[in-house]
Amino acid sequence: MQVVSRKSWGARAPRGRQTVPWSQRVGVAVHHSAGPTSQSVAAIQSYHMTTNGWSDVGYNLLVDQQGRVYEGRGWDVLGAHATGHNAGWIGVCWIGDATKIEPSAAAKKAMRWCVEEAQRRAGRKLQVRGHGQLPGQATECPGPAWRKWITAGMPVEDDMPAKKVADELLGRRLDKVDPDSGTSPSMTVSSFVRWTHKHTVDI
């Protein structure tokens, strides 16, 4: 996946920059910006630098509702997203308010890519937690939708299991099948799968 560079989104130069070795990274922390999905990365950076007085945008990476990934501080830079956990945890922020709107399938796919890419770069499995699930973080961030998604194992649409595919096919009009085939709407998933290995069904 292509990451939108700082130059491309018009980032201001950071006031300071401290790197973190991958050996110190233990996980990826998922955040939401708690603002509108139309919020720009530049606006988030401006708030963090001007209002909060931080050296840069707080997150290492950001993801929008369309599934685009933006370079924040960068993979190996110390963030400012979770007090006491910025060295160990890479902060990835979804631009939006997950208490008001459901993150899109594209956003979830991009978020999982960030996790998998972090693990690839680290060379090992990393933990994944919502911001509020980290010790000492009294916040509802990243909202119930993201917490539920993390707990479910970060599923994306490409993960549709074979049984679900079969269930969806069974839900269609199998009465179009030739009666001589022996199939019926009441047939089980397993028998349907076995039958489809021998026949071609027009559905």
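Which elements do the buried residues of helix α2 pack against? They pack against α1 (6-9), β3 and β4 (69-71). Here, contact means heavy atoms within 4.5 Å, and a residue is buried under 20% relative accessible area, exposed over 50% and partly exposed in between (1.4 Å probe, protein chains only).

Before going on, a word about the model. The structure is predicted, so local features need pLDDT of at least 70 and side-chain atom pairs count only at pLDDT 80 or more, while totals for chains, interfaces and linings use all residues. Residues are numbered from 1 along each chain as its sequence is written, and side-chain values use heavy atoms, with hydrogens and water left out.

## The whole protein

The protein has six helices and six strands. Read from the N terminus, these elements follow the order β-α-β-α-β-β-β-α-β-α-α-α. Both kinds are DSSP runs numbered from the N terminus: helices are H or I with at least four residues, and strands are E with at least two.

Of the 203 residues in the protein, 44% are buried. Among contacts with a separation of 6 or more, 69% join residues 24 or more positions apart. The accessible surface comes to about 10900 Å², and carbon and sulfur atoms hold 50% of that area. Such areas come from the Shrake-Rupley method with a 1.4 Å probe, and for residues only the protein chains shown count as cover.

## The sheet

The six strands form an open sheet with mixed pairing, in the order β1-β4-β3-β5-β2-β6. At its edges lie β1 (3-4) and β6 (127-130), each of which pairs on one side only. Two strands count as paired if DSSP finds at least two bridges between them. In general, strands of a sheet pair through backbone hydrogen bonds, either parallel or antiparallel.

One pairing to look for joins β3 (residues 61-63) and β5 (residues 89-94), which run parallel over three bridges. Opposite leucine 62 you will find cysteine 93, in β5. Helix α4 (residues 144-151) packs on the sheet, where α4 touches β2 (27-32), β5 and β6. The direction of α4 makes about 155° with that of β6; the axes are lines fitted to C-alpha atoms, for helices over the stretch in contact, and angles run from 0 to 180 degrees between N-to-C directions.

## Helix α4 and its tryptophans

The buried residues of α4 are Ala145, Trp146, Trp149 and Ile150. Looking down the axis of α4, these residues fall within an arc of 130°, so they line one face of the helix. The arc is that of the directions from the helix axis to the C-beta atoms. On the face turned away from this buried side, α4 carries the exposed residues Lys148 and Thr151. The partners of the buried residues are β2, β5, α3 (105-122) and β6.

How many aromatic pairs are there? The count is three, where rings of Phe, Tyr and Trp (its six-membered ring) pair if their centres lie within 6.5 Å, and planes under 30 degrees apart count as stacked, over 60 as edge-to-face and the rest as tilted. The ring centres of tryptophan 146 and tryptophan 149 are 5.1 Å apart with planes at 80°, so this pair is edge-to-face. About one helical turn separates tryptophan 146 from tryptophan 149, because they are three residues apart in helix α4. Ring pairs also bring in Trp94, which forms a cluster with Trp146 and Trp149.

## Back to helix α2

Helix α2 (residues 41-51) has Val41, Ile44, Gln45, His48 and Met49 as its buried residues. They line one face of the helix, because they fall within an arc of 120° when seen down the axis of α2. Thr50 and Thr51, on the other side of α2, are exposed.

Histidine 48 counts as buried because its relative accessibility is 7%. Not counting residues up to four places away in sequence, histidine 48 touches Gly53, Trp54, Asp56, Val57, Gly58 and Tyr59.

A glycine with a positive phi follows each of these two helices:

| Glycine | Place | Phi |
|---|---|---|
| Glycine 53 | Just after α2 | about 75° |
| Glycine 153 | Just after α4 | about 95° |

## A buried glycine in a loop

Glycine 88 sits in the loop between β4 and β5. At 14% relative accessibility, glycine 88 counts as buried. Its contacts, leaving aside neighbours within four places in sequence, are Gln24, Arg25, Val26 and Gly27. From glycine 88 to serine 23 the C-alpha to C-alpha distance is 9.0 Å, with their positions 65 residues apart in sequence.
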